[in-house]
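Please open the model in your viewer and keep the selection tool at hand. The tour below proceeds from one selection to the next.

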Amino acid sequence: MAGYVLQRLGQMLLTLLAIATLTFFLMHAIPGGPFVSERMLAPEIATALNDKFGLNDPIWLQYLNYLRGILTFDLGPSFRYPGVTVNEMIADGLPVTLRTGVLAVICVVALGVPMGIVAALNRNKWPDTAVMMLATIGVAIPSYVIATILLYVFALRLGWVPTFGLDDWRGYILPVFALSGFWISFVARLARSSLLETFEQDYMTTARAKGLRPGQVLFKHGLRNSLIPVVTVLGPVVANLITGSFVIEQIFALPGIGRHFVLSITNRDYTAIMGITIFYAALLMVMILIVDLLYVWLDPRIKLRKTAQ
Amino acid sequence: MSRPPILSVRNLRTSFFAQRGEVQAVRGVSFDVAPGEILGIVGESGSGKSITCMSILRLLKSTGRIVDGQAIFDGQDLMELDENAMADLRGNDIGMIFQDPMTSLNPTLSVGEQVVETIIRHRRISRAEARKRAIELFELVRIPSAAQRLKSFPHEFSGGMRQRVMIAMALSCDPKLLIADEPTTALDVTIQRQILLLLKQLQNRLGMAVILITHDLGVIAEVTDRIVVMYGGMVMEQGSVTELFAHPRHPYTQGLLRSVPDLRDGEHTRLTPIAGTPPDMIQPPPGCPFAPRCVHAMKQCDIAIPPLYPMAEASDQTARCWLHHAQAPRVAGVNAPTAEVA
């Protein structure tokens, strides 16, 4: 197992290198640069700036310099915000994003899975219809529409929660819900269909034929088997949620990391694009690794082993 | 039968309510199982034999419903018990083995745990004691190195070994009745024999009654004491294995026996299949369900369902065929020769 994890971490480094390379050259292929703007800079200043950030060096030298930076966990200075490093940008936005993201993940698991169970146990009865109706709405309506409606009803009309900011716990309710709404619905539907499929399995009949109580049959024999597809989607979902959402952050005026990412692209803030991309990629890969390790715990038929060298 | 039966099924009716209508899978089945005997239920796919047994344990899938009938086990009607009492009985007084050992074990739990949880459910003993009992059971069904294998998962076993685990599980609480639903159908021929002989030996040793469902007449001949032949959701004929194989009194049973290869006949004998297909159970024929395929069918056969006629020459044998009516024409082979003489 330890060998397997080490091998996977090694593969992750290679993947990260490939992502860094691809992003680096794609980014430089986009016309324009960090210091090109409608308000023309004096040519001397532009040259001086380009010199300062090494943008006049040959592209391969820039690439090597950048890689050296990554290896020392130095993502470089921001080109747009003087005196701010990309490391600081991430450190600044991450806590807020992480907090809302983790809360959203908890909501997805704690609401989505039980909703799916309730629906599956009451197949074609009213609780099933109610859950599936909610879930269909949640999947069909985009998060920013849900966010706007939530804001209008709960913040503006009822005044139960603030319209923006994270000054106390009530501030988190709407952003977290807007962020997780889609995935709660998605997971509820997935858990329901997966459970219904599991109910049809022969071993469920065996469990009942042994005289096990309905609770034992459901939780010990049914749930574990039907959670495997849920865990599969949960990996990318977690990565998606804890890296934040630009749209949600804009609507609720959250100082998160998603905003930095989108702005860095329009700004051609080379180091910020690279830094945040690599950070996202690393996070996603760690999540997928965790999901793969969870599989083994859930399903003993899956064996993780190092591939032949 | 001198001893009172351990299980007495009376007029059992089970239907599935599908979109197309009511599928009458079991239509008034009655039979008895004596303590310590092996009763074989034979019939082709869709004859209602498996549904009959699933109905006895009340393990039908959601669309299935027991419409009518009784199943008296140990003096109580299983159809009247509440769900809790029924769960106490399942796996404890009545064990069950299923057709496909590949899918009947939970793939995510160790085989040991699946046996242990059954024991703990029904017995007031500790987990350690239950584990000891599970090892004994594995040895009983001859799983080699039983103690180590307890930790294995189903996918680490072959089909035959998995079926042994299923048997160990079904026997874990010393049931008075074991229901085996085609326990050898999914296995290799050589393994089939091993499992069958194992079942027979265990039955001898533990003295429980067994219902063995199968479509394999070879299996029936080898291990059972009595046979119930089912077709179209009904009992067509029943009797002791010797009587029924020597003198089948129903055209369907005769057809079944003719469709089995007999190696003594030499290699150039053709098998005689039963022409036609089983009836549609949404709209079963008003008369004998076998009449459309029966070579001896008469006008009466399409009008009314025949009763089970007791055979004069064999006290325990009954056959559901109009040919045994007093006014029916005598057909050689179906009617006993004594009846013709008389």
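Helices and strands here are DSSP runs, with at least four residues for a helix and at least two for a strand, numbered from the N terminus. The model is predicted.

**The annotated span of chain B.** Begin by selecting residues 7-257 of chain B, which an unreviewed UniProt entry lists as "domain: ABC transporter". Helix accounts for 40% of this span and strand for 28%. The C-alpha atoms at the two ends of the span are 28 Å apart.

**The sheet of chain B.** Next, display the strands E6-E7-E8-E3-E9-E10-E12-E11 of chain B; in this order, the eight strands form an open sheet with mixed pairing. Which strands stand at the edges? They are E6 (94-97) and E11 (309-310) of chain B; each has a single partner strand, so one side of each lacks a neighbour in the sheet. Within the sheet, select strand E10 (residues 234-240) and strand E12 (residues 318-319) of chain B, which run antiparallel and are joined by two bridges. Glu237(B) can be found opposite Ala319(B) of E12(B).

**The nonpolar cores.** Now select Ala168(B), Leu177(B), Ile179(B), Ala180(B), Val210(B) and Ile211(B), the residues that touch the most other members of the largest nonpolar core, which has 94 residues. Helix H7 (residues 159-171) of chain B supplies the largest share of this core, eight residues. Centre the view on Ala168(B): leaving aside residues up to four places away in sequence, Ala168(B) touches Val115(B), Leu137(B), Phe138(B), Leu140(B) and Val141(B). Another core, of 39 residues, lies apart from the largest one; Met115(A), Leu174(A), Ala239(A) and Phe252(A) are among its members.

**The kinked helix of chain A.** Remain in chain A and select helix H7 (residues 170-199), which has a kink of about 45° centred on Ser180(A). Is H7(A) mostly covered or mostly uncovered? The helix is mostly covered, with 21 of its 30 residues buried.

**The contact between the chains.** Finally, display both chains and select the residues in contact: 19 residues come from chain A and 24 residues from chain B. On the side of chain B that touches chain A, helices H2 (83-89), H3 (101-104) and H4 (111-122) of chain B are the elements that give two or more residues. H4(B) provides the largest share of that side, four residues. Coloured by class, the side of chain B that touches chain A shows ten nonpolar, nine polar and five charged residues.

Key: Residues numbered from 1 in each chain as written. Chains lettered and ligands numbered in written order. Predicted model: local features only at pLDDT ≥ 70, side-chain atom pairs only at ≥ 80, totals over all residues. Bend = angle between axes of the 7 residues up to and from the residue. Buried ≥ 20, exposed ≤ 12 C-beta atoms within 10 Å, placed from the backbone. UniProt positions renumbered as here; feature names shortened; annotations may be inferred. Core = buried A, V, L, I, M, F, W, Y, C linked by C-beta atoms within 7 Å. Contact = placed C-beta atoms within 7 Å. Nonpolar A, V, L, I, M, F, W, Y, C, P; charged D, E, K, R; others polar. Pairing = 2+ DSSP bridges.
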